[in-house]
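Good morning, and thank you for making time for this short presentation. Please look at the sequence and the structure as they appear, and I shall then go through them step by step.

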Amino acid sequence: MAFTLYSLLQAALLFVNAIAVLHEERFLRRIGWGTDQGIGGFGEDPGIKGQLMNLIRSVRTVMRVPLIGLNTVTIVLLLLFG
């Protein structure tokens, strides 16, 4: 498989899919990344963990509907062009 722009976009789509399917109660809370774990106090800058938790939560919220369309287009292109 050659390294093309399409394969790079497909890898990015798989990565976003992996973030989107992380379940809060089954996986994230067990490793200490649930919403009930404190991110920090008021006025404090969130650390790396807090920023990653916000990124995961944002991807799961915002990208839910666009991911359905992008996955459908990717599957159709793979079926048509191999």
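Read along its sequence, the protein chain follows the pattern α-α-α-α. In total there are 4 helices and 0 strands. I should state at once that this is a predicted model.

Let me begin with the chain as a whole. Of its 82 residues, 18% count as buried. The chain exposes about 6,400 Å², and carbon and sulfur atoms supply 69% of that area. As for contacts with a separation of 6 or more, 54% are accounted for by residues 24 or more positions apart.

I turn now to helix 1, which covers residues 5-20. With 16 residues, helix 1 reaches 22 Å from its first C-alpha to its last, close to the 22 Å expected at 1.5 Å a residue. Which residues of helix 1 are buried? They are S7, L13, N17 and I19. What covers the buried residues of helix 1? The cover includes helix 3, residues 48-62, and helix 4.

Next, consider the loop between helix 3 and helix 4, where M63 is placed. Is M63 buried, exposed or partly exposed? Its relative accessibility is 25%, and because the partly exposed class lies between under 20% for buried and over 50% for exposed, M63 counts as partly exposed. Leaving aside neighbours within four places in sequence, M63 is in contact with V16 and S58. There is also a link back to one of the buried residues of helix 1, N17. M63 and N17 are 46 residues apart in sequence, and their C-alpha atoms are 9.1 Å apart in space.

Finally, I come to the surface. A nonpolar patch is formed there by Y6, V73, V76, L77, L78, L80 and F81. Together these residues have about 670 Å² of accessible area. Which helix gives the most to the nonpolar patch? Helix 4, residues 64-81, does so, with 6 residues.

One member of the patch may serve as an example. L80 is placed in helix 4. Its relative accessibility is 60%, and since exposed means over 50%, L80 counts as exposed.

To bring the two parts of helix 4 together: this helix is among the elements that cover the buried residues of helix 1, and helix 4 also gives the most to the nonpolar patch on the surface. Thank you for your attention.

Key:
Residues are numbered from 1 along each chain as its sequence is written. This is a predicted model: local features need pLDDT of at least 70, side-chain atom pairs count only at pLDDT 80 or more; totals for chains, interfaces and linings use all residues. Side-chain values use heavy atoms; hydrogens and water are left out. Buried means under 20% relative accessible area, exposed over 50%, partly exposed in between (1.4 Å probe, protein chains only). Contact means heavy atoms within 4.5 Å. Accessible areas come from the Shrake-Rupley method with a 1.4 Å probe; for residues, only the protein chains shown count as cover. Patches are made of residues with over 30% relative accessible area and no salt bridge: like charges are joined within 9 Å, nonpolar side chains (Val, Leu, Ile, Met, Phe, Trp, Tyr) within 5 Å. A salt bridge is a side-chain nitrogen of Lys or Arg within 4 Å of a carboxyl oxygen of Asp or Glu. The expected span of a helix is 1.5 Å times one less than its number of residues.
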